[in-house]
Amino acid sequence: MAHGNGADDRRDLVPEPFARALAEVRAARLRPEVVVEEMPAPQRLAPYALALSAEVVVDDAEVSSGRLVLLHEPAGHDAWQGTFRLVAYVRADLELEMASDPLLSSVGWTWLVEALEARGADYVAPSGTVTRVTSESFGSMADDAGSAQVEIRASWSPVDGSPLDSHVCAWGDVLSAAAGLPPLPAGVVALPSRRGTRGR
């Protein structure tokens, strides 16, 4: 049996909770700057998986990117405290001055926690890291400007009954925050993002 990508095309072999989860993930409505595609999912982490990749594009330039993987273990997993696990990655370029801010790591984690709370995405067992990466040029490249990025790696387990589209939208909000986009005004509804068909 082929797990993960394409699994939902053989619904007789896919557990109903995972089929429902796929529908919820694909129903997520992200802001138009967040361009999402399905991508090949990891095969060894769980019997069933779905993976998304995303880029935040502003004025035809990519300002942040990330991945989100949904894992499902029908028998449950003690460390997950449930049968589903979400694994997220977000990367964004930063101004060098921001990279030196000692509060950057805690701010990056706060983006995730606040996004999940704002979306009403109930979860347990969160874990993750926030890493800043800086580079400076020397020698014949000394005139090149330095660069800096922030990387957020996190995982959490959605509480049973918590719609997964809210978790996907929270991930999209973290991508947007990392890209420096202002929150959408209250009452403004995001349009469905463009989704690729790779891996379906």
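This passage describes the overall fold of a predicted model and then turns to one helix, one pocket and one strand residue.

The secondary structure of the protein amounts to 4 helices and 6 strands. Read from the N terminus, these elements follow the order α-β-β-β-β-α-α-β-β-α, so that, with numbering from the N terminus, the run opens with a helix and ends with one. The chain has 200 residues, of which 41% count as buried. Contacts that bridge long stretches of sequence are well represented: taking pairs of residues at least 6 apart, 67% of the contacts join residues at least 24 apart. Turning to the outside, the protein exposes about 10,500 Å², and 53% of this area is supplied by carbon and sulfur atoms.

Helix α4 is a good place to begin a closer look. This helix covers residues 164-178, 15 residues in total. From the first C-alpha to the last, α4 reaches 21 Å, close to the 21 Å expected at 1.5 Å a residue. The helix is mostly covered, with 12 of its 15 residues buried. Among the buried residues are the aromatic side chain of W171 and, beside it in sequence, A170 and G172; L164, S166, H167, V168 and C169 are buried as well, and so are V174, L175, S176 and A178 further along the helix. After α4 comes G180, a residue with a positive phi, near 85 degrees.

Attention now moves to open space in the model. The second largest pocket has a volume of about 230 Å³. Its lining is made up of 15 residues, and those closest to the pocket centre are R20, F84, D160, G161 and S162. Two elements, α1 (16-26) and β4 (82-94), each supply at least two residues of this lining. The largest share comes from α1, which gives 4 residues. In chemical character, the lining of the second largest pocket divides into 7 nonpolar, 5 polar and 3 charged residues.

A final point of interest is Q149, which is found in strand β6 (residues 147-158). Is this glutamine buried or exposed? Q149 counts as buried because its relative accessibility is 18%, which falls under the 20% cut-off. Once neighbours within four places in sequence are left aside, Q149 is in contact with R91, A92, D93 and L94, and also with T131, R132 and V133. The residues R91 to L94 lie within the range of β4 (82-94), the strand that also contributes to the lining of the second largest pocket.

Note on methods
Residues numbered from 1 in each chain as written. Predicted model: local features only at pLDDT ≥ 70, side-chain atom pairs only at ≥ 80, totals over all residues. Heavy atoms only, no water. Expected span 1.5 Å × (residues − 1). Buried < 20%, exposed > 50% of the residue type's maximum accessible area, 1.4 Å probe, protein only. 1 Å grid on protein atoms, 1.4 Å probe; cavity = no way out; pocket = protein on both sides within 12 Å on 5 of 7 lines; lining within 4 Å. Points joined across faces, edges and corners; volume = space filled by probe spheres on them. Nonpolar A, V, L, I, M, F, W, Y, C, P; charged D, E, K, R; others polar. Contact = heavy atoms within 4.5 Å. Areas by Shrake-Rupley, 256 points an atom, 1.4 Å probe, with all protein chains shown as cover.
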